Amino acid sequence: VTITDAIGAGALGRYGSLQNRTLLAARAGMDALLCTAIKPLPGWKCVAGLQQGLQHGALPKGAFEGQLAQLLQLRASLPG
């Protein structure tokens with residue numbers, strides 16, 4: 001499982017909006033996207049980036065489902 005650093009970090013500003021940064025990270029193969037660094041962070045923008053990517057074909061559905069499966073498998077392996 002791969003995990004990003006803070007998607008909302010100012011240093012990532014040149015990669016566009018939170019939606020675009022989230023999409024780029026998911027397309028790069030990141031499994032867990034930490035939508036942090038802005039207070040308060042509009043997490044819905046990160047979700048919107050994934051939704052738009054899936055709807056418009058910029059994020060292949062199979063890749064997204066594979067990343068989700070990785071996260072769910074990790075979660076299931078943790079105690080408690």
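Which residues make the nonpolar surface patch of about 430 Å²?

1. Surface patch. The model discussed here is predicted. Val1, Ile3, Leu34, Leu74 and Leu78 together form a nonpolar patch on the surface, with an area of about 430 Å².

2. Val1. This member of the patch sits in the segment that comes before strand S1 (3-6). Its relative accessible area is 46%, so Val1 counts as partly exposed. The cut-off for exposed is over 50%, and buried means under 20%.

3. Helix pair. Helix H1 covers residues 18-27 and helix H2 covers residues 43-56; their axes come within 7 Å and cross at roughly 60°. H1 is therefore oblique to H2. The crossing of H1 past H2 is right-handed.

4. Salt bridge. How many salt bridges does the model have? The count is one. The side chains involved are those of Lys61 and Glu65, with an N to O distance of 3.9 Å. The criterion asks for a side-chain nitrogen of Lys or Arg within 4 Å of a carboxyl oxygen of Asp or Glu, so the pair at 3.9 Å qualifies. Side chains of opposite charge can pair when their charged atoms come close.

5. Setting of the salt bridge. Both Lys61 and Glu65 belong to helix H3, residues 61-77. They are four residues apart, which is about one turn of the helix. Lys61 is exposed, at 58% relative accessible area, whereas Glu65 is partly exposed, at 42%.

Note on methods:
Residues numbered from 1 in each chain as written. Predicted model: local features only at pLDDT ≥ 70, side-chain atom pairs only at ≥ 80, totals over all residues. Heavy atoms only, no water. Patch = residues over 30% accessible without salt bridge, like charges linked within 9 Å, V, L, I, M, F, W, Y side chains within 5 Å. Areas by Shrake-Rupley, 256 points an atom, 1.4 Å probe, with all protein chains shown as cover. Helix = DSSP H or I, 4+ residues; strand = E, 2+ residues; numbered from the N terminus. Buried < 20%, exposed > 50% of the residue type's maximum accessible area, 1.4 Å probe, protein only. Axes fitted to C-alpha atoms, helices over the stretch in contact; angles between N-to-C directions. Parallel < 35°, antiparallel > 145°, perpendicular 65-115°, else oblique. Left-handed = near helix turned anticlockwise from the far one by under 90°.
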